[in-house]
Every structure is written in C-alpha cells, then in structure tokens.
Amino acid sequence: MAAPGVAACGGNWFSALALGVTLLKCLLIPTYHSTDFEVHRNWLAITHSLPISQWYYEATSEWTLDYPPFFAWFEYALSHVAKYFDQEMLNIHNLNYSSSRTLLFQRFSVIFTDALFVYAVHECCKCIDGKKAGKELTEKPKFILSVLLLWNFGLLIVDHIHFQYNGFLFGLMLLSIARLFQKRHMEGALLFAVLLHFKHIYLYVAPAYGIYLLRSYCFTANKPDGSIRWNSFSFIRLISLGLIVFLVSALSLGPFLALNQLPQVLSRLFPFKRGLCHAYWAPNFWALYNALDKVLSVIGLELKLLDPNKIPKASMTSGLVQQFQHTVLPSVTPLATLICTLMAILPSVCGKSRRCFNFSDSDHNRTLFPLPSALHCTRKEKTLFNWMETFYLLGLAPLEIFCEFVFPFTSWKLKYPFIPLLLTSVYCAVGITYAWFRLYVSVLTDPPVSKTKKQ
Amino acid sequence: MEKWHLMTIVVLIGLTVRWTVSLNSYSGAGKPPMFGDYEAQRHWQEITFNLPVKQWYFNSSDNNLQYWGLDYPPLTAYHSLLCAYVAKFINPDWIELHSSRGYESQAHKLFMRTTVVLYCCCLKEISTKKKIANALCILLYPGLILIDYGHFQYNSVSLGFALWGVLGVSCDWDLLGSLAFCLAINYKQMELYHSLPFFCFLLGKCFKKGLKGKGFVLLIKLACTVVASFILCWLPFFTEREQTLQVLRRLFPVDRGLFEDKVANIWCSFSVFLKIKDILPHHIQIIISFCFTFLSLLPACIKLTLQPSPKGFRFTLVSCALSFFLFSFQVHEKSILLVSLPVCLVLSEIPFMSTWFLLVSTFSMLPLLLKDELLIPSVVTTMAFFIACVISFSIFEKTSEEELHLKSFSISLRKYLPCFTFLPRIIQYLFLISVITMVLLTLITVTLEPPQKLPDLFSVLICFVSCLNFLFFLVYFNIIIMWDFKNGRNQKKIN
C-alpha cells in the first residue's frame with residue numbers, strides 16, 4: 001500500500017514534509033505562550049536599546065540575559081526587523097508587552113529561523129545510505145528520519161507553543177554532525193564551537209564531540225582491524241582544532257574580556273545557585289532520586305522514624321527555584337553531579353553520541369535529543385518496540401487523561417497540586433533512563449562501524 | 001504501510017488542523033450587543049435547558065426571538081439540550097463555556113470524520129492509494145474547517161448525516177440512507193438543497209425495479225421511513241397546529257427578503273446593476289426565485305430519474321445544490337458548504353475542477369472569515385489543501401478532454417465547429433485568471449481601505465467574482481451530466 005503522492009512527486013516528498021510542517025507551525029501562532037516569550041522580548045529590548053557593556057548587567061526584568069554572546073547578537077539582529085513590526089516591544093520597561101504584532105513577529109521569527117533546521121535535516125539525510133531499504137517511500141530510512149526530525153512534536157510544542165529557538169540551534173548541531181559524517185571535520189568543529197556560544201547547554205555533548213574528533217580526525221590512520229594506531233597521531237590537526245575553538249571563543253567573549261566583564265558573563269551563564277531540579281522537574285535521574293527521597297520521607301513520617309520538625313516544608317515540589325536539602329537520602333551537590341556525569345560517560349568514549357543528560361545538574365527539561373534516537377530507529381530492522389516498551393508508551397495516554405481531565409475534579413487538587421507534574425516527571429524519567437540504558441548497551445555491544453569504501 | 005495506519009494518520013492530521021483553527025477568534029468575539037453565531041449556539045443551550053419544549057420557538061418574555069431565536073429544526077434543539085447538560089456538568093456559569101469550546105466541537109465533529117473515512121473506504125472503483133489521498137483532501141477542505149471551528153457552527157453534523165445518506169443510497173441500503181438524510185434535514189433545513197436528487201434517484205430506482213412489483217414495495221417502504229423519521233423528530237411539536245406552524249415560520253423566514261448581507265449568488269450580484277429588492281414586490285420575488293431555481297435544476301433531475309446511477313447521483317447533487325445556492329431565497333454565504341460536500345465526493349473523478357471549485361468556495365466566504373479575524377488560518381488551510389490536492393491527484397496533469405469528462409461534449413461541438421479542439425486550453429486559462437483574481441482581491445481586501453463612498457466595495461467584488469465562477473461551474477456540471485450519459489450509452493452500443 002503506497003503512501004499518497006509517491007508516484008506523483010518522486011523526490012519532492014522532502015519539500016512536501018517541510019512545507020506541511022511549516023504550515024502547521026503557522027496554525028500554532030495563536031496558541032499559549034509561556035514566560036519564555038517575555039524572556040526573548042526582553043532580550044530583544046536589551047540588545048536593541050542598550051550598549052554592549054550593559055547587556056549582562058541589565059536587570060530591570062527578572063529575565064536577565066543568560067545565554068552566551070552569539071545569542072545576544074542574534075537577538076540584536078532580530079531586533080532590527082522587530083522595529084518594523086512594533087517599536088514598543090523594544091522598550092525595556094515594557095514588561096510583559098505582547099501586542100498581536102509582537103506575537104506575530106516572534107512566532108514568525110521562530111518559523112523563519114527553522115529554515116536552518118530544515119537544511120540541516122536535508123544534509124543529514126544525504127549521509128544515510130538508503131539502498132538497503134525497500135521501494136516503499138515509508139520504508140526508506142531517509143523518509144523516516146525526515147519525518148522524525150521535521151515533524152518532531154516535542155520540538156513543535158516547545159518551539160512553537162511554549163516558545164523557544166531550539167529548532168534553529170538544533171539545526172546548527174545537526175549540521176555539524178552531518179559535516180562530521182561527511183568527513184568535513186573542520187567545518188563540523190567550527191559549527192559546534194559556534195553552537196556552544198549560542199547556547200552553552202550543549203556542553204553536555206561536548207565530551208562526545210571532543211573524543212570523536214580526537215579519535216577520527218587527530219589519529220589519521222587505523223590498524224586493519226579498526227582499532228587505534230597510536231603512532232598516527234597528528235599534532236597539527238589537534239592544534240588546528242584548538243585554534244578553531246579558540247578563535248570562535250575569542251570572537252564571542254573577546255569584547256567582554258576587553259570590558260573586564262568576563263566573571264559577570266560567566267556567573268550569568270552558569271547559575272549554580274538554581275539548584276538540582278528546576279521548578280518543573282526534568283525527567284532525569286535526579287527526578288527519580290527526588291521522588292525516592294520524597295517517598296521515603298513520607299514512609300518515615302508515617303512509621304515515626306523521622307522527626308517532623310526537622311523536615312523543611314514543601315521542599316522540592318512547590319515549584320520554586322532554590323537550593324534545598326534532601327530529607328532521607330544524602331543531599332546532592334553540584335560537584336557530585338559532575339562526578340556522576342563523568343563516570344556515566346566514561347565507558348562510552350568510543351561512541352558517536354552520548355547522553356550525559358541523565359546525570360547533569362540543574363536540568364532544563366526543554367533540552368531535546370531527537371537525533372540519537374532517530375538515527376537508532378533507522379538502523380533497526382525488526383519491530384521498533386517490544387511489548388514492554390509498547391505498554392509503557394501506551395501508558396502515557398491514561399497518565400495524561402488522569403492529569404488533565406480526572407485530577408482537576410478530585411479533592412486532591414487543593415491538597416497536593418503538584419501531583420500531575422510529579423507523576424509525569426517520574427514516569428518519563430523511568431522511560432528516559434531505560435532508553436539511555438538500552439542505547440548504552442547497544443553502543444557497547446554493536447560491532448564497530450565498518451569503514452566506508454574510498455570513493 | 002497498512003491502510004489503517006495511513007488512515008489514522010490522515011484522521012489525526014485532520015483533527016490537529018481543526019483543533020488549531022479552533023484556537024482562533026470566533027464569530028462575534030467581544031462584539032456586544034449581538035455578538036455572533038457562537039453566542040447564538042450558547043443561547044440555544046440556555047433556552048432549551050431552561051424552558052419547556054412548547055416555548056422554544058415562541059416569542060415570550062423569557063425567550064426574545066429577536067436575540068438569536070431558534071431557527072433550525074428540532075434536532076438542533078435537542079442537540080443544544082444535550083450540550084447544555086454537558087456544559088452544566090462542567091460549569092453552570094454560561095460564560096465559562098468559552099473554555100470548553102474546543103471540547104464540545106471535537107466530540108460532535110468526530111461524527112463527520114467517521115463518515116468521510118467510511119465513504120472513502122467504500123469507493124470500490126479506485127485504488128487504495130487514491131482512497132487515502134481522497135480522505136486527506138476532503139478532511140483538509142478549508143471551508144468546512146473554518147466555518148465550523150473558526151466561525152463556530154455545527155454544519156458537520158448535518159453534512160455528516162447527509163453523507164451517511166449518500167453512502168447508504170449509493171450502496172443500495174436505501175432505507176438507512178433515507179433515514180440518515182431525513183435526520184440531516186431535521187437538523188438543518190438547508191439540507192433540502194440536496195433533497196431533490198435524493199428523491200429523483202430513489203424514484204428512479206423504484207421505476208427501474210418496475211412499479212408493479214419490487215419497485216412499488218420499495219416506494220412504500222421509503223415513504224414509511226421518511227414519514228416515521230419526521231414524526232419522531234417533530235413529535236413534541238405536533239400536539240398543536242399553532243406549534244407546527246410557528247416552527248415552520250421560524251425555519252422558512254419568507255419575510256426576510258431575497259437575500260441578506262453579501263452572498264455570492266445571482267440576486268446579490270444582479271442588485272449591483274439593478275436593485276430588484278426595492279423594485280419588485282415581495283411575492284413576485286419569491287415566485288421569480290422559485291422559477292429560476294427549478295428551471296435550472298430540472299434537466300439534471302429528470303435525467304437522474306430516468307437513468308439512476310451512483311455517479312449520476314453525485315453529480316446531480318452538485319448541480320442541484322449549486323442551482324439552489326445561486327437562485328434561491330434567503331441564501332447565506334455559508335450555504336456554499338452544501339455544494340462543497342458533493343464536490344468533495346467527486347474529487348477523485350474530476351480532481352482539477354473540484355479543487356478549483358473548492359478553492360473558490362473558500363474564497364467566497366472571505367468577507368465573513370475576515371470579520372472573524374481568521375485570515376491566517378484561512379490562508380494556511382487553503383494552501384495546505386491546495387498542496388495536498390496537487391500532490392495527491394497531480395491535478396495539473398489531468399486537464400485533457402477526457403479527464404475533464406468533456407469528451408462527448410467536445411465531439412458534439414465539433415460537428416458544428418470542426419476546429420474547436422482547444423477546450424482544455426480555455427479551461428486552463430480560465431483557472432489561471434480565476435486564481436490570480438482571487439489572490440489579488442484577497443491582498444487588496446487585507447491591505448487597503450475601501451473608499452469612503454463605497455464601504456462595501458471589496459465584499460461586493462468578492463461576491464461578484466465568486467458568482468461568475470459559480471455560474472461557470474453550474475454550466476460545466478450540467479454539461480457533464482447531460483452529455484456524459486450519452487457517452488455511456490454509445491459506449492455500450494459499441495461494446
């Protein structure tokens with residue numbers, strides 16, 4: 001059974017997919033937007049109205065600039081288009097200003113910058129070998145990957161409803177990965193360095209990049225069985241990579257170094273005071289840790305093992321951003337999370353893309369990782385999910401129904417308002433941890449990737 | 001990929017588009033004192049819930065008919081009552097209904113979707129790939145999405161019932177089909193636009209089976225079904241003669257005049273040159289509109305009665321509904337949806353003309369959509385629909401004489417004008433002109449202000465252009481019906 005349009009448009013399916021999702025994004029314009037909308041409006045105002053020396057000091061609004069300088073320059077460029085839509089949004093004192101023209105401009109800016117994401121997906125598809133697949137369009141790995149990436153609903157919800165610029169940033173990351181696959185290592189490194197200075201959260205994957213570039217680029221040859229040939233290390237290549245990173249960083253942080261503002265910039269970029277879990281828990285290991293701690297404390301209270309006076313009230317779950325102590329289990333410091341992250345990624349130095357997300361500190365649940373899973377999906381020949389996984393995924397539906405429709409009508413709404421969030425977080429944390437574990441196992445047990453034939 | 005997987009994806013896409021459109025503004029949002037259709041629906045829930053049945057259609061101190069009085073048949077009233085019960089459970093405060101709006105729309109629109117899906121599954125003559133493409137395009141038809149989810153109405157229910165009717169009757173489940181269609185009429189009286197083809201088709205079937213035997217039995221069964229369903233729906237209103245008459249008066253407001261507001265039909269367009277509304281007396285207007293309507297639809301209906309076939313039935317539905325739209329009394333621009341539904345049904349047979357028609361039908365409602373601030377959803381859904389049709393049916397390759405079902409007509413024409421071979425070319429040029437005009441008019445209406453002396457200039461222009469297009473389609477569809485059958489008969493002789 002052929003998918004509609006195969007015979008008619010042949011290779012145009014990519015354009016159809018891209019156009020279709022763009023139209024859907026336009027339909028999402030009037031949807032709810034979160035405080036991130038105000039965050040970006042504020043940054044447009046800051047970069048437009050103030051000189052550079054003020055950018056990282058400005059604090060009229062609570063949403064201070066906490067992305068690296070390249071993102072600030074990006075907002076600056078956008079602000080020059082914004083002034084034709086609504087001049088008022090560029091006033092830093094217009095807090096929470098959201099006229100219809102502002103909304104239109106912001107939404108269109110996200111849709112427009114997603115063009116980079118589309119291009120990057122196109123480049124990624126070129127790297128995939130699709131000859132082994134069947135003739136059906138829906139069975140081609142390129143098609144599957146394009147659908148998974150372009151129509152990624154997580155990205156649609158976060159970018160076009162909640163409001164962020166992740167599509168554009170992901171485009172940069174995918175493009176750099178595509179360049180690595182295409183053996184254009186210098187370009188890949190350059191793009192990744194640029195990406196880091198757009199959003200420093202991508203430091204998570206920096207170790208993977210570093211190790212990969214070290215392995216494939218700096219070691220110029222392999223032994224016949226595919227393992228490292230230690231004496232083929234090229235210092236020149238290492239230095240050129242270092243030079244690229246250095247130059248990009250200089251371009252980005254240089255002006256602030258000259259103004260002696262580097263400590264301030266760094267303190268804005270790495271706010272360790274925010275605590276282990278942000279207001280809405282990211283579904284990672286620490287969510288499970290927190291949940292366990294909470295459960296144990298409740299049990300402890302019931303069994304009179306703990307003294308109620310010593311326990312801080314509403315510690316992690318009231319949605320506030322602060323540091324706190326765990327009740328039963330040992331408290332977790334930033335250093336501890338760093339060590340855990342490093343230990344977690346250590347066994348996988350040979351891998352292509354790693355998930356340090358699970359153990360990292362102060363997680364923003366908005367960071368998404370479509371690529372590893374997407375690539376992984378296109379490699380499997382057997383059915384995508386086994387019965388346990390299918391059951392788990394199907395369980396998401398009753399969970400959502402409970403949280404959105406049933407819970408508001410129950411009496412627990414007032415007493416335990418955090419329960420839907422807690423349940424969702426913990427449930428997803430289980431899924432993500434499991435997926436991480438499976439990915440790990442798969443990478444360690446897969447046969448080494450065979451060298452592509454010389455063209 | 002399994003067929004049902006693809007169908008599910010298509011349905012989900014349709015649902016997603018509908019949901020996002022419903023996030024926009026609705027008719028009469030924040031526009032006191034009358035608000036709009038949204039408020040009308042809410043008001044009907046209020047009166048059906050709070051007042052006894054006997055007072056629903058009457059003017060009283062509790063029920064001011066000038067403020068959105070009930071003017072649809074009883075099924076709509078029962079439906080409003082049901083919605084009222086649900087609303088009461090969620091939040092008795094009527095104003096809060098705004099938040100549950102997407103909610104209720106979804107539950108009741110699911111109906112239409114199932115119908116479309118079922119219809120596409122039953123199309124036996126075409127391949128599976130086309131069935132799914134067909135379903136996608138029908139589900140993406142912008143007009144219905146924008147009116148039902150944007151402007152806010154419940155057209156999907158009556159259209160869904162009508163579709164079930166078409167399905168039943170085409171598959172020889174005549175009784176079920178007629179029952180469904182009766183329900184459709186009892187939901188919205190505008191479905192009467194489709195009643196004549198149903199009548200002729202079923203009558204034709206009875207004649208074919210022989211009036212002395214099976215045909216007569218079928219006729220009696222159908223008559224009983226129709227009468228029974230009407231009685232069932234109107235039961236509470238048959239208790240007194242005055243009740244029935246009042247309901248009929250509300251349903252057919254002959255006092256309201258030939259047309260209201262701007263609509264893309266003949267009378268409105270004609271009144272640009274000559275104000276017939278003011279010149280002719282009321283009863284003459286009614287008679288003229290009656291005559292024109294019936295004269296224009298008579299040939300097709302007679303043909304259908306003599307040669308009943310599912311294909312002929314579908315085309316006759318189009319031409320009848322279009323005749324009614326163009327010439328009838330008190331037509332609203334939303335009634336074009338009644339024509340669009342049958343055109344969606346013939347989408348797979350004449351993709352090029354159907355797509356063209358559906359684009360024009362959405363365009364004709366532009367003034368209404370702009371009033372409801374639905375510009376972006378209109379543009380986006382129209383583009384999505386157009387792209388879906390182009391990809392699924394490769395419409396621009398299907399403009400030959402044969403594809404347009406104009407072969408026999410051209411052959412007849414060439415008997416008198418031997419060099420007339422460029423009919424497809426003419427049609428392609430007309431399409432181009434039509435699309436360019438529509439785009440230009442849209443841009444002008446959105447960006448420019450109309451001149452002070454003629455504040456309705458742009459709406460009138462839109463209606464006029466749409467009317468011209470519709471006249472062209474009326475002629476085209478009638479030609480197909482009249483000439484295509486001849487072709488079918490000749491072919492049989494040859495075989």
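## A surface helix, aromatic pairs, salt bridges and cores

A:Leu296 sits in helix 14 of chain A, which runs over residues 285-302. Everything here comes from a predicted model, so please read each value as computed from that model. With a relative accessibility of 31%, A:Leu296 counts as partly exposed, because buried means under 20% and exposed means over 50%. Together with A:Leu292, A:Val295, A:Ile299 and A:Leu303, A:Leu296 makes a nonpolar surface patch of about 430 Å².

Now for the aromatic rings. Over all chains, the structure holds 50 aromatic pairs. One of them joins B:Trp267 and B:Phe327: the ring centres are 6.4 Å apart and the planes meet at 70°, so this pair is edge-to-face. The pair links distant parts of the chain, with B:Trp267 in helix 12 (residues 266-270) of chain B and B:Phe327 in helix 15 (residues 310-327) of chain B, 60 residues apart. Both B:Trp267 and B:Phe327 are buried.

A second example is the pair of B:Phe357 and B:Phe470, which is tilted, with 5.5 Å from centre to centre and 50° between the planes. This pair, too, links distant parts of the chain: B:Phe357 belongs to helix 17 (residues 351-364) of chain B and B:Phe470 to helix 22 (residues 457-494) of chain B, 113 residues apart. Both B:Phe357 and B:Phe470 are buried.

These two phenylalanines lead on to the nonpolar core. The largest nonpolar core has 134 residues, and B:Phe357 and B:Phe470 are among the five that touch the most other members, along with B:Phe325, B:Leu326 and B:Met353. What does B:Phe470 contact, leaving aside its neighbours within four places in sequence? The partners of B:Phe470 include B:Phe357, B:Phe325 and B:Leu326, as well as B:Ala264, B:Leu322, B:Ile336 and B:Val360. Two serines, B:Ser361 and B:Ser364, are also in contact with B:Phe470. Apart from the largest core lies another, of 76 residues, among them A:Tyr67, A:Leu175, A:Leu241 and A:Val248.

Charged side chains come next. Side chains of opposite charge can pair when their charged atoms come close. The count comes to nine salt bridges over all chains, and three of them are set out here.

| Salt bridge | Closest N to O distance |
|---|---|
| A:Lys25 and A:Asp114 | 2.8 Å |
| A:Glu187 and A:Arg184 | 3.1 Å |
| B:Glu349 and B:Arg314 | 2.8 Å |

The bridge between A:Lys25 and A:Asp114 links distant parts of the chain: A:Lys25 is in helix 2 (residues 13-27) of chain A and A:Asp114 in helix 6 (residues 100-126) of chain A, 89 residues apart. Both A:Lys25 and A:Asp114 are buried.

Are the partners B:Glu349 and B:Arg314 buried or exposed? Both B:Glu349 and B:Arg314 are buried. B:Glu349 lies in the loop between helix 16 (336-345) and helix 17 of chain B, while B:Arg314 lies in helix 15 of chain B, so their bridge ties together parts that are 35 residues apart in sequence.

A:Glu187 and A:Arg184 have a different setting. A:Glu187 is partly exposed, at 33% relative accessible area, and A:Arg184 is partly exposed, at 36%. Both A:Glu187 and A:Arg184 belong to one network, in which salt bridges that share partners also join A:Glu123, A:Lys126 and A:Arg179.

Note on methods:
Residues numbered from 1 in each chain as written. Chains lettered and ligands numbered in written order. Predicted model: local features only at pLDDT ≥ 70, side-chain atom pairs only at ≥ 80, totals over all residues. Heavy atoms only, no water. Patch = residues over 30% accessible without salt bridge, like charges linked within 9 Å, V, L, I, M, F, W, Y side chains within 5 Å. Areas by Shrake-Rupley, 256 points an atom, 1.4 Å probe, with all protein chains shown as cover. Salt bridge = Lys/Arg side-chain N within 4 Å of Asp/Glu carboxyl O. Helix = DSSP H or I, 4+ residues; strand = E, 2+ residues; numbered from the N terminus. Buried < 20%, exposed > 50% of the residue type's maximum accessible area, 1.4 Å probe, protein only. Phe/Tyr/Trp six-rings, centres within 6.5 Å; stacked < 30°, edge-to-face > 60°. Core = buried A, V, L, I, M, F, W, Y, C linked by side-chain atoms within 4.5 Å. Contact = heavy atoms within 4.5 Å.
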